[in-house]
Amino acid sequence: MKKYLRPIGTALVLALLAVGVYAASAGDSLISLSYLRQTFVPKAVQAGEEASDKALQETYDKAKARLDEVHAAAGSGNTASNGSHSADLGPRSWSDGGKISLPTGSCFLLFEGSAALSHGGAVVDVTSGNEVPSGSALVPGRRYLVGEDTTASVNILSGEASLGVQGSYTAAPGKAVHTPFYDAAQGDWFYDPVSFVYEQGLFSGVDSHHFSPGTPMNRAMLLAVLHRLAGSPVQGEGPDFSDVPAGQWYSQPILWGAAQGITSGTGNGTFSPLLQVTREQAVTMLYNYAGQYLKADVEGGADLSGYGDLDEVSPWARNALAWAVDRGIISGAANGGVRTLDPQRGASRAEMAVMLRSFCEKIL
């Protein structure tokens, strides 16, 4: 708000300078150019700054008194019936699509998650000292203050967000069904697929509030997802892998997957459960799930000759990749104008969510 008060000081400086210039032009021999530069102008600038600071302090005092009144009303139970009040910035959980409206004097702070700000006046990022344009994304860890004659709205964009409010506010609830994730938000290319695989019970987070979309998807994770997709059947016998001991969270899914012909391991009696799954390995497991477990028709496939990295595809994965492209499970990427499959690149959790949603919608 200080920028709105500075013009007062500027106007005072200009007025004083005008008097000085007039006096000099009128032939007053007592006012010299050196006096104007060394004494008169510095004093005029100082006077302007003092006037500006005084006005700013008066505005601050009024705003503080108003906020104190709000706090006092809330403490005595006189808060408006359609609103709420928070005495501190302690974190609270808000759901995807929720909207928090805040009047002048209220503060808020985003701890984790994604949210956007809208307003028609002034909101200050107290941490940096800058005003925040309407439509901006909130930055976690920064404290925001709603300015004079302003009502601000915070719109939650992630599955959930941790955000603290101090002062008065009203809140509209978000979606009834949403993910608990701070790191999957509206606008992210993986937002809808992550919501789908979570709601279908195929994926859980790496913890209670993080999906970790960029984290590598390992081979054990993918078998666990496919096992859940099949209804988590119990498998008593199957091929043994030397690096898959009994009693691990992935032991039963891998045993089941090997028995169903979905995977044959990585050779020499190993499965490599914690190794990141490559895109061609992931597609091959989906292909085998469809053909071997579901007994679905997997004949035919797309012509892959137009892909610039076809020579990087392992011979055992060619039919699976042709099938996946034909069925719309993957589409490849355009790198410098050349379409590629990236068969040897490791898949992330977000990428696997995209593949699995397409697989469920187009194959099951």
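1. Tyr144 in strand β8 is the bridge partner of Phe108. The model is predicted, and this pairing is part of a wider contact: strand β4 (residues 107-112) runs antiparallel to β8, joined to β8 by three bridges.

2. Strand β6 (residues 123-125) also pairs with β8, again in the antiparallel sense and over three bridges. Here Asp125 stands opposite Tyr144. Tyr144 is thus a point of reference for both pairings, with Phe108 as one partner and Asp125 as another.

3. Which residues of β8 lie on its covered face, and which on its uncovered one? In this strand (residues 143-146), Tyr144 and Val146 are covered, while Arg143 and Leu145 are on the uncovered face.

4. Asp125 has a second role in the description, as a salt-bridge partner of Arg142, with the closest N and O atoms 3.1 Å apart. This pair links distant parts of the chain, 17 residues apart: Arg142 sits in the loop between β7 (130-131) and β8, and Asp125 in strand β6. Asp125 is buried at 3% relative accessible area, because that is under 20%. Arg142, at 32%, counts as partly exposed.

5. The whole structure holds six salt bridges. Among the residues involved, Arg279, Asp342, Arg345 and Glu351 are linked in a network.

6. Within that network, Arg345 forms a salt bridge with Asp342, the closest N and O atoms being 3.7 Å apart. Arg345 also meets Glu351 in a salt bridge, at 2.9 Å from N to O. Arg345 is partly exposed, with 37% relative accessible area, whereas Glu351 is buried at 15%.

Key
Residues are numbered from 1 along each chain as its sequence is written. This is a predicted model: local features need pLDDT of at least 70, side-chain atom pairs count only at pLDDT 80 or more; totals for chains, interfaces and linings use all residues. Side-chain values use heavy atoms; hydrogens and water are left out. Buried means under 20% relative accessible area, exposed over 50%, partly exposed in between (1.4 Å probe, protein chains only). Helices (H or I, at least four residues) and strands (E, at least two) are DSSP runs, numbered from the N terminus. Two strands pair if DSSP finds at least two bridges between them. A salt bridge is a side-chain nitrogen of Lys or Arg within 4 Å of a carboxyl oxygen of Asp or Glu.
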